[in-house]
Amino acid sequence: MRFFDQTLILIAPVRRALAVAFAGVVLALAGCASTGDSPAKAVQQPKNIIILLADGATSTQWDFGRYSSRVLRQLPFATTDVVFKEGALGLASTPPSDAYVVDSAASASAMSTGHKVNNFVVAVTPDGKSVPTAMEVAKASGKRIGLVTTATVYDATPAAFSLHAQSRDNSQRLVDQYLALEPDVLMGGGADYFMPAGTAGSKRKDGKDMIAAFRAKGHAVARNTAELKSATGAKLLGLFAHDDMDFELDRDPAREPTTAEMTAAALKALSQGSPNGFVLLVENENPDSAGHENDAASLMHALWAFDDAVKVALEFRRRNPDTLIIVTGDHETGGFSPTYAAKDLSSLSRRNRFYSGDEHLRMLGRITMSLSAVNEKLGRKPSGEALDELLSRHFQGFRLDPDLREMILKRQTLERNFSRVVPNLLGRMVARQTGYYWGTSGHTTEPIVIGAMGPGAELFRGYQDNTDFGKHLHRLIQGK
Ligand SMILES: [Zn+2]
């Protein structure tokens with residue numbers, strides 16, 4: 001395996017050296033002849049690394065983002081049209097140590113450390129070892145570090161890129177570890193674990209004021225979009241929600257900035273006084289959350305919001321070509337895909353079938369509320385009137401079949417692998433009329449797609465494992 005890895009890495013650099021100059025060939029070949037580690041030295045080293053991660057997204061989601069963006073907002077989708085098309089493209093398998101299906105903690109741990117861990121564990125191997133995370137390695141290498149997410153900042157993905165815990169649910173412990181690690185930029189939701197116990201909305205068990213503690217370390221603090229836009233310092237703590245930030249469909253733009261706005265602010269802060277460069281992780285959590293709810297419209301808007309952030313990163317790379325951009329996900333959520341289906345159950349013949357197309361996509365485009373928000377508004381005991389009112393107001397053109405309506409009012413699940421009762425049933429309503437069906441409300445084993453542009457991008461080409469992603473990342477951060 002080791003030999004195989006190195007052989008793969010050797011090919012691109014040698015070819016590049018041949019093209020550039022004879023001297024380059026001599027250097028590269030001399031390196032090959034001496035030790036097995038030498039080919040690594042020929043890999044181009046980035047100064048800055050920006051990892052953009054859409055939680056829960058892989059090829060089916062990326063392609064949905066691409067054609068929906070083209071049809072409904074007449075905009076190119078930079079993830080596929082630029083990064084995947086012009087950069088190095090790879091796939092990676094995702095299983096954790098203890099199953100085939102991965103959770104975000106185990107997947108991000110592998111991508112951050114290069115080691116497999118069990119599900120729900122944050123960068124601690126099954127034998128109990130805390131293995132170095134990408135952000136720890138970056139910090140030790142003199143790079144500045146930043147984490148941006150639409151989830152809570154202590155959620156599985158940013159946590160596993162930085163910290164350690166036996167359980168991803170050790171939220172207070174994770175926040176305390178952030179203070180010790182001191183990321184230059186930390187942005188997202190999750191103010192609840194930063195406020196002292198007794199404050200409205202606080203979930204801390206102690207009286208520590210973590211916002212004040214970050215301020216004492218020199219961080220500017222932003223609590224809404226306007227404060228984020230006016231922040232000028234090199235260090236920034238942004239907390240825009242008590243819990244997760246909202247779905248794009250429900251977001252109040254004055255209270256919560258977009259992923260693109262957070263990315264722009266993070267890049268502005270991180271590029272100040274950074275002779276050794278920086279490593280920035282930008283996560284949009286909502287393709288995963290929308291997948292769990294089986295909410296195709298929310299997924300679509302989340303993918304667009306994520307892609308707008310990719311465009312910000314690409315613009316930064318245009319001005320700073322020594323930057324490596326990596327666009328990826330951590331696993332697939334929802335077993336999602338448009339398909340064809342019978343219009344009703346009167347006949348299963350092809351004549352009574354529709355194939356998902358532009359008109360069905362346009363129906364998704366007319367939805368104006370997330371299924372999660374509908375669920376919240378309906379409360380624990382949904383009433384028929386409230387349901388009809390919300391559907392007629394926010395789901396123009398959709399009809400709720402009697403079987404689904406009855407299940408919603410009785411709160412009956414579709415199947416054992418559908419755990420979000422009301423959103424999953426409304427997701428099925430949307431699927432029956434648009435063809436955007438879901439196979440589960442959980443994660444699946446689909447390999448993730450990795451697109452990379454810039455120095456070191458070639459390492460990510462081909463079919464690999466998510467631990468290889470972590471190994472490449474460490475190597476590029478450490479300049480090896
Ligand atoms: Zn998930």
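Which residues in H13 meet which residues in H14? The close-up views below, taken from a predicted model, begin with that contact.

**Figure 1. The packing of helix H13 against helix H14 in the predicted model.** Asn286, Pro287 and Ala290 in H13 meet Ser298, Leu299, Ala302 and Leu303 in H14. When the residues of this contact of H13 with H14 are sorted by class, 5 are nonpolar and 2 are polar, while none is charged. The axes of H13 and H14 lie 8 Å apart and pack at an angle of about 175°; because angles over 145 degrees count as roughly antiparallel, H13 and H14 are described as roughly antiparallel to each other.

**Figure 2. Helix H13, its covering and the residue that follows it.** Helix H13, which spans residues 286–293, is mostly covered, with 8 of its 8 residues buried. The buried residues of H13 are Asn286, Pro287, Asp288, Ser289, Ala290, Gly291, His292 and Glu293, a list in which Asp288 and Glu293 appear beside Pro287 and Ala290. After H13 comes Asn294, which has a positive phi near 60°.

**Figure 3. The surroundings of Pro287 in helix H13.** Pro287 lies in H13 and has a relative accessibility of 1%, so Pro287 counts as buried. Apart from neighbours within four places in sequence, Pro287 is in contact with Ala54, Asp55 and Ala57, and also with Leu299, Ala302 and Leu303; Leu299, Ala302 and Leu303 are among the H14 residues that meet H13. Between Pro287 and Thr434, which are 147 residues apart in sequence, the C-alpha to C-alpha distance is 19 Å.

**Figure 4. The crossing of helix H12 and helix H14.** The axes of H12 (residues 259–270) and H14 (residues 296–319) come within 7 Å of each other and cross at roughly 25°. Because angles under 35 degrees count as roughly parallel, H12 and H14 are roughly parallel to each other, and their crossing is right-handed. On the H12 side the contact is made by Thr259, Ala260, Thr263, Ala264 and Leu267, and on the H14 side by Ala305, Asp308, Ala309, Val312, Ala313 and Phe316. By class, the contact of H12 with H14 comprises 8 nonpolar, 2 polar and 1 charged residues.

**Figure 5. The nonpolar cores and the contacts of Met187.** The largest nonpolar core has 77 residues, and those with the most contacts inside it are Leu52, Trp62, Phe64, Met187 and Leu426. H14 contributes the largest share of this core, namely 12 residues. A second, separate core has 55 residues, including Ile211, Phe460, Leu473 and Leu476. In soluble globular proteins, nonpolar side chains tend to be buried together. Leaving out its neighbours within four places in sequence, Met187 is in contact with Leu147, Val148, Thr149, Val153, Leu228, Leu236, Gly238, Phe240, Met262, Ala265 and Ala266.

**Figure 6. Gly90 in strand E2 and its contacts.** Gly90 is found in strand E2, which covers residues 88–93, and with a relative accessible area of 3% Gly90 is buried. Not counting residues up to four places away in sequence, Gly90 touches Ile448, Val449 and Ile450 as well as Phe460, Arg461 and Gly462, and Phe460 is one of the residues included in the second core. Gly90 and Ala452 are 362 residues apart in sequence, yet 8.6 Å apart in space, C-alpha to C-alpha.

**Figure 7. His394 in helix H17.** His394 lies in H17, which covers residues 384–394, and its relative accessibility of 13% means that His394 counts as buried. With residues up to four places away in sequence left out, His394 touches Arg366, Ile367, Thr368 and Met369. Ser298, a residue of H14 in the contact with H13, is 96 residues from His394 in sequence and 13 Å from it in space, C-alpha to C-alpha.

**Figure 8. Positive phi at Gln74 and Glu182.** Most residues other than glycine have a negative phi. Gln74, although not a glycine, has a positive phi of about 50°; Gln74 is placed in the loop between helix H4 (59–73) and helix H5 (78–86), and at 61% relative accessibility Gln74 counts as exposed. Glu182, likewise not a glycine, has a positive phi of about 60° and lies in the loop between helix H9 (171–181) and strand E4 (185–189).

Terms used
Residues numbered from 1 in each chain as written. Predicted model: local features only at pLDDT ≥ 70, side-chain atom pairs only at ≥ 80, totals over all residues. Heavy atoms only, no water. Axes fitted to C-alpha atoms, helices over the stretch in contact; angles between N-to-C directions. Helix = DSSP H or I, 4+ residues; strand = E, 2+ residues; numbered from the N terminus. Parallel < 35°, antiparallel > 145°, perpendicular 65-115°, else oblique. Left-handed = near helix turned anticlockwise from the far one by under 90°. Contact = heavy atoms within 4.5 Å. Nonpolar A, V, L, I, M, F, W, Y, C, P; charged D, E, K, R; others polar. Core = buried A, V, L, I, M, F, W, Y, C linked by side-chain atoms within 4.5 Å. Buried < 20%, exposed > 50% of the residue type's maximum accessible area, 1.4 Å probe, protein only.
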